[in-house]
Amino acid sequence: MSENFWRKCSVCKKEIGFDSKYYVCSVSSCSKKRAPVQFCSVSCWDSHNAVLNHKNAGADEERSPKRRRMVTSSPQPQSQNSQSISNSSGDIPKDILVVVSKLKAYINTKSGMNTSADVMPVLSDIIRVECDKAIESAKRSGRKTVMARDF
Ligand SMILES: [Zn+2]
Ligand SMILES: [Zn+2]
């Protein structure tokens, strides 16, 4: 049996597809790993909230894991009554791009100094900036591969 959807809405049992928008309850006990609840729309979350009678709760927008890329249109109207964190800047992850242990080892060997943890995001941002430049350079050369000479 092959499933063509990710999960079902906890309220109306409508199927929530892969890589599509859904909503979770901002109350942390409602998003337990064991039995997570998810909603196809804010109005389904409203019914959930009516049953559980949360205080200061909201519906947080999430995106289900992707199986195949597809563009979803017409975003659902979202009630902005909560402090929901939505990253509208796209879904490019702001991960740490450096090998922390190796970087620390380098600085320590070179200088005997320690390295503060907040160095990693800053260095990662520098790497991202350089990568963005290299991507543009590769694009200009009509390549689909970023190469050493792009830096
Ligand atoms: Zn629903
Ligand atoms: Zn809840």
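Here is a chat between a trainee and a mentor about the predicted model shown above.

Trainee: Before we start, what pLDDT do local features need here?

Mentor: Residues are numbered from 1 along each chain as its sequence is written, chains are lettered from A and ligands numbered from 1 in the order in which they are written, and side-chain values use heavy atoms, with hydrogens and water left out. This is a predicted model, where side-chain atom pairs count only at pLDDT 80 or more, totals for chains, interfaces and linings use all residues, and local features need pLDDT of at least 70.

Trainee: Okay, in what order do the elements of the protein chain run?

Mentor: The protein chain has three helices and four strands. Those are DSSP runs numbered from the N terminus, with helices being H or I of at least four residues and strands being E of at least two. Starting at the N terminus, the order is β-β-β-α-β-α-α.

Trainee: What share of the 151 residues in the protein chain is buried?

Mentor: Let's fix the words: buried is under 20% relative accessible area, exposed is over 50%, and partly exposed is in between, using a 1.4 Å probe and protein chains only. By that yardstick, the buried share of the 151 residues is 28%.

Trainee: Which residues coordinate the zinc ion (ligand 1)?

Mentor: Donors are N, O and S atoms within 2.8 Å of the metal (3.2 Å for Na, K and Ca), and sites may look incomplete since water is not among the atoms. For the zinc ion (ligand 1), the donors are spaced C-x2-C-x27-C-x3-C along the chain. Each one is an SG atom, at 2.2 to 2.3 Å, and the residues are Cys9, Cys12, Cys40 and Cys44.

Trainee: How many residues apart in sequence are the parts that Cys9 and Cys40 tie together?

Mentor: Cys9 is buried at 1% relative accessibility, and Cys40 is buried too, at 11%. Cys9 lies in the loop between β1 (7–8) and β2 (15–16), while Cys40 lies in the loop between β3 (21–25) and α1, so the pair ties together parts whose separation in sequence is 31 residues.

Trainee: What geometry does the site of the zinc ion (ligand 2) have?

Mentor: This zinc ion is held by Cys25 (SG), Cys30 (SG), His48 (NE2) and His54 (NE2), at 2.0 to 2.3 Å. Four donors count as tetrahedral if all angles lie between 85 and 135 degrees. Ideal tetrahedral angles at a metal are 109.5 degrees. Here the angles among the four donor atoms are 99 to 115 degrees, and the site is tetrahedral.

Trainee: Which elements hold Cys25 and His48 of that site?

Mentor: The donors of the zinc ion (ligand 2) follow the spacing C-x4-C-x17-H-x5-H. The pair ties together parts that are 23 residues apart in sequence, because Cys25 lies in strand β3 and His48 in helix α1.

Trainee: Where do the buried residues of α1 sit, seen down its axis?

Mentor: The buried ones are Val42, Cys44, Trp45, His48 and Asn49. An α-helix has 3.6 residues a turn, so residues three or four places apart point the same way. The arc is taken from the directions between the helix axis and the C-beta atoms. For the buried residues of α1 it is 150 degrees, so they line one face of the helix.

Trainee: And which exposed residues are on the face of α1 turned away from its buried side?

Mentor: The cover over the buried residues includes β3 and β4 (59–63). The face turned away from that buried side carries Ala50 and Val51.

Trainee: Which residues outside its sequence neighbourhood is Asn49 in contact with?

Mentor: Asn49 sits in helix α1 (residues 42–52) and counts as buried because its relative accessibility is 19%. Its side chain reaches the backbone nitrogen of His54 at 3.2 Å. Contact means heavy atoms within 4.5 Å. Leaving aside neighbours within four places in sequence, the contacts of Asn49 are His54 and Ala57.

Trainee: Which element gives the largest share of the largest nonpolar core?

Mentor: A nonpolar core is a set of buried Ala, Val, Leu, Ile, Met, Phe, Trp, Tyr and Cys residues joined through side-chain atoms within 4.5 Å. The largest one has 18 residues, with Cys9, Ile16, Cys25, Phe39 and Trp45 having the most contacts inside it. Two or more residues come from β3 and from α1. The largest share, four residues, comes from β3.

Trainee: Last one: is Asn53 buried or exposed?

Mentor: Asn53 is in the loop between α1 and β4. Its phi is positive, near 55 degrees, in a residue other than glycine. With a relative accessible area of 58%, Asn53 is exposed.

Note on methods
A polar contact is a pair of N or O atoms within 3.5 Å; within protein, one must be able to donate a hydrogen and the other to accept it, and residues adjacent in sequence count only if both atoms are side-chain atoms. Four donors count as tetrahedral if all angles lie between 85 and 135 degrees; four count as square planar and six as octahedral if opposite donors are over 155 degrees apart and all others between 65 and 115; anything else is irregular.
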